[in-house]
Amino acid sequence: MIRVAINGYGTIGKRVADAVAAQPDMKVVGVSKTKPSHEAFVAKSRGYPLYIADLSKKAAFEKAGLPVAGSVDDMLKAADIVVDATPGGVGEKNRPLYEKAGVKAIWQGGEEHEVAGFSFNSDCNYREAIGKQFARVVSCNTTGLCRIINAMDKAYGVEKVRAVMVRRGGDPADIKRGPIDAIVLNPVHIPSHHGPDVQSVLPHINIVTLAMIVPVTMMHMHVVQMDLKTAASREDVLGIMEKHPRMGLVRKAAGITSTAELKEYAMDMGRPRSDLWENGIFEESVSCIGKELYLFQAIHQEADVVVENIDCIRAMTGIEKDPAKSIAMTNKAMKFVAIK
Ligand code: NAD
């Protein structure tokens, strides 16, 4: 059993903890919080040992009825690998802690590529992660882009990608974030950081991305255009998406034309936290004009990176060397069958 610690039990950390707990080959040895919160109560109810970043807050936790197992340093001693899901920028400050403890560490997309020197996506570079001490799972948007670009690149070769990201302003519980009534160019300059981030995983891809933030919380929407090296038929492209374990197809017959309805669909399917772990590709939007491919895909920011973290744990610890087997194992343990 791989012993996994989760440092930072927020939007991503709590999902990763549940995903780890569901796997047959790994277990949660602890999660960390900075202050008592509803999430800390959830951790307690799930039976995850609760560690805290600042031991001087121990009394506050215990007064709230939250037993403290120890400090983050103590948690690291019990772990083979730590998933750092602290807010962007905090994670890099934790690197000395992980070096000192001699544990493997995975950071999230809010950190720069340099924090680990290696950026991960299950489809694209699983084998390169085998045995690594440090890795960074790329952001939600980059994960969604990497999946679709890599699949098309393997099948047809990708000449260039141009993509527009319509990004959610904040997560549903982020009551202090996001524009209230605006479309914010984020950034106003072109390209946005997403293209270079894709290149941290797929360095040979010619990609330019543009991004804006809109006042919604549920998902991002990508407008993707690719020039392929060889012409593709729509049927064949849809066939690739149908077979891909982390690409969902939002069928025309489902009558879904928005992120709101897609989230409702995930909820009705009984997904935990109504999470959509796959790219939500709108079947009707998939269009091939000669060598050009166009599509819309919805990306659930809170969810798609979670399954990637699980595969990254398997690769870094070397317990499974075949990416397809790890992806299948992760999905099966989470009862995740992509919508088709
Ligand atoms: P979050 O704010 O929801 O959760 C972060 C948690 O870390 C909080 O519980 C906070 O209390 C805790 N924390 C803060 N400082 C800490 C410290 N020093 N030690 C231990 N815990 C600490 O953040 P999030 O949205 O889960 O983001 C985490 C990372 O995942 C970031 O790098 C982010 O960019 C990335 N990410 C976020 C999303 C998303 O949509 N939320 C998507 C993909 C990647």
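In the predicted model, I6 has V83 of β5 as its bridge partner. This pair belongs to the parallel match between strand β1 (residues 2-7) and strand β5 (residues 81-84), which extends over four bridges. Both strands sit within an open sheet of eight strands, whose order reads β4-β3-β2-β1-β5-β6-β8-β7 and whose pairing is parallel. At the margins lie β4 (70-71) and β7 (119-120), the edge strands, each of which pairs on one side only. Helix α1 (residues 11-22) packs on this sheet, where it touches β1, β2 (26-33) and β5. The direction of α1 makes about 160° with that of β2.

A second set of strands centres, for this description, on β16. Strand β12 (residues 220-228) and strand β16 (residues 292-299) pair in the antiparallel sense, with eight bridges between them; within this pairing, V224 is matched with L295 of β16. Strand β14 (residues 279-282) also runs antiparallel to β16 and is joined to it by two bridges, with Q297 of β16 serving as the bridge partner of I281. Strand β15 (residues 287-289) is likewise antiparallel to β16, here through three bridges, and C288 finds its partner in L293 of β16. The hairpin of β15 and β16 has two residues between the strands, and G290 in this hairpin adopts a positive phi near 60°.

Turning to the helices, a convenient description of two packed helices gives the angle between their axes and the distance between the axes. For helix α8 (residues 140-156) and helix α12 (residues 304-317), the angle is about 75° and the axes are 9 Å apart. Angles of 65 to 115 degrees count as roughly perpendicular, and α8 and α12 are therefore roughly perpendicular to each other. On the α8 side, the contact is made by C140, T143, G144 and R147, while α12 contributes D304, V305, V307 and E308. Sorted by class, this contact of α8 with α12 comprises three nonpolar, two polar and three charged residues.

Helix α8 also takes part in the lining of the second largest pocket, as do α7 (122-129), α10 (234-243) and α13 (323-333), each with at least two residues. The largest share of this lining, six residues, is supplied by α7. The space in the second largest pocket amounts to about 320 Å³. Which of its 17 lining residues are the closest to the centre? These are D123, N150, K154, H244 and P245. Taken as a whole, the lining of the second largest pocket divides into nine nonpolar, four polar and four charged residues.

Definitions and conventions:
Residues numbered from 1 in each chain as written. Predicted model: local features only at pLDDT ≥ 70, side-chain atom pairs only at ≥ 80, totals over all residues. Heavy atoms only, no water. Pairing = 2+ DSSP bridges. Contact = heavy atoms within 4.5 Å. Axes fitted to C-alpha atoms, helices over the stretch in contact; angles between N-to-C directions. Parallel < 35°, antiparallel > 145°, perpendicular 65-115°, else oblique. Nonpolar A, V, L, I, M, F, W, Y, C, P; charged D, E, K, R; others polar. 1 Å grid on protein atoms, 1.4 Å probe; cavity = no way out; pocket = protein on both sides within 12 Å on 5 of 7 lines; lining within 4 Å. Points joined across faces, edges and corners; volume = space filled by probe spheres on them.
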